[in-house]
Amino acid sequence: MATKDDSASRLDAVRSIDLSDTETRAGLLFAAPYLVIFSIFLLYPLVLGFYMSLFEWNVFMPSESEFIGLENYVRMVQDPVFWSAFRATVYFVALTVPTLVVFGLVLALGVNHNIKGKRFLRTVYFSPYVLTVSVVSLIWMELYASDYGPINYYLSYLVSNTPTWLNSFTWAMPAVAIATVWWTVGFNFIILLAARQSVPERLYEAARIDGASSWRAFRDITLPQMRPAIMFVSVVQFIWSFQVFGQVFVMTDGGPGNSTQTIIMYLYRVAFRQQDFGYAAAIGYFLFFVLVAVSLANYYFIGREENSS
């Protein structure tokens, strides 16, 4: 976490910027394209979205939009469908984030060992990540098919009543979560493998000389050294999982009922099917603040660890 001394030094650094200096002007010139793109594609939509959320927005005649203040936010709080979508999203996050982080860590630690076929395993683990969401969704829809899907075929040897995965209130969301884990765990695997390989081997040699067990070395060396990477993938996966849309849209269309309708999917339906852009903007801002809170929490915990180390 930033201290007062850090903030003061940064403020002094900003004040000391000399625009007459050639190097400073060159730096600003190189940064200008990014700042222009940032302003057009992020800052402007961010401001416009908040502005729209205060109106009953007329998408065809914006000048005739009616100002309603915070009514869209009040409506959101009182909307049972919104909270149903929020619960579905939290359920999906709870299913995927811990699994993706732990599974990615297990794969990274396993491949880091001196075993045969390491390069092949790296390719196999990461290859699903290069597929598009539509391809992944169609693959798993075939796997989950009740009549001819291989999952239910082999499962029928173990249980008499196999689930109708994507049409079941109980199994639809876990089915989407399993597909998502298979698709995206390769990203965590690569990040965590790079973090594990950056841990100095001399630390493990010293631990072995002191008689430390494998579990003790994992607990006292591997986890602390990989902590920033683990925190990073945890936060990134949280943000991505909270914005889940494509696989839910293709595999279940939010059903059965609204059991797999997530916040982004509800926002999409409100905006592009009901043409209620003002309310959709309010939902988008709720999601924005949730993700900002998670990012600040990440900054706080990682910053505190870096300051204490």
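Is Thr96 buried or exposed? Let's start there and work outwards through this predicted model.

## Thr96 and its surroundings

Thr96 is buried, and its relative accessible area is 0%. The residue belongs to helix H4. Setting aside residues up to four places away in sequence, Thr96 touches Ala177, Thr180, Val181 and Ser241.

## The nonpolar cores

Helix H4 also matters for the next topic. The largest nonpolar core has 49 residues, and H4 gives the most to this core, with eleven residues. Other elements that give two or more residues include helix H3 (71-77), helix H8 (172-197) and helix H9 (201-209), and the list continues with helix H10 (214-242), helix H12 (263-272) and H13.

Which residues have the most contacts inside this core? They are Leu192, Met226, Phe242, Tyr266, Tyr279 and Ile283. Take Leu192 as an example: leaving out neighbours within four places in sequence, Leu192 is in contact with Val101, Gly104, Leu105, Ala108, Met226, Ala229, Ile230 and Val233. There is also a second, separate core of 17 residues, with Trp140, Trp165, Leu166 and Trp183 among them.

## Aromatic pairs and a cluster

If you enjoy looking at rings, there is plenty to explore: the structure holds 32 aromatic pairs. One of them joins Phe82 and Phe286 in an edge-to-face arrangement, with 5.1 Å centre to centre and 80° between the planes. Phe82 sits in helix H4 (residues 80-112) and Phe286 in helix H13 (residues 277-308), so this pair ties together parts that are 204 residues apart in sequence. Phe82 is buried, at a relative accessible area of 1%.

Both rings are also members of one aromatic cluster, made up of Phe82, Trp83, Phe86, Phe238, Phe242 and Phe286. Phe242 appears again among the residues with the most contacts inside the largest nonpolar core.

Tyr279, another residue from that set, has a charged partner to look for in the viewer: Arg75 lies over the face of the Tyr279 ring, at 3.8 Å from the ring centre.

## Helix H2 and its kink

Finally, have a look at helix H2 (residues 22-53), which has 32 residues. From its first C-alpha to its last, H2 reaches 44 Å, close to the 46 Å expected at 1.5 Å a residue. Where is the kink in H2 centred? Look at Ser39, where the helix has a kink of about 40°. The buried residues of H2 are Gly49, Met52 and Ser53.

Technical notes: Residues are numbered from 1 along each chain as its sequence is written. This is a predicted model: local features need pLDDT of at least 70, side-chain atom pairs count only at pLDDT 80 or more; totals for chains, interfaces and linings use all residues. Side-chain values use heavy atoms; hydrogens and water are left out. Rings of Phe, Tyr and Trp (its six-membered ring) pair if their centres lie within 6.5 Å; planes under 30 degrees apart count as stacked, over 60 as edge-to-face and the rest as tilted. Helices (H or I, at least four residues) and strands (E, at least two) are DSSP runs, numbered from the N terminus. Buried means under 20% relative accessible area, exposed over 50%, partly exposed in between (1.4 Å probe, protein chains only). A charge sits over a ring if NZ of Lys or CZ of Arg is within 6 Å of the ring centre and within 35 degrees of the ring normal. The expected span of a helix is 1.5 Å times one less than its number of residues. The bend at a residue is the angle between axes fitted to the seven residues ending there and the seven starting there. A nonpolar core is a set of buried Ala, Val, Leu, Ile, Met, Phe, Trp, Tyr and Cys residues joined through side-chain atoms within 4.5 Å. Contact means heavy atoms within 4.5 Å.
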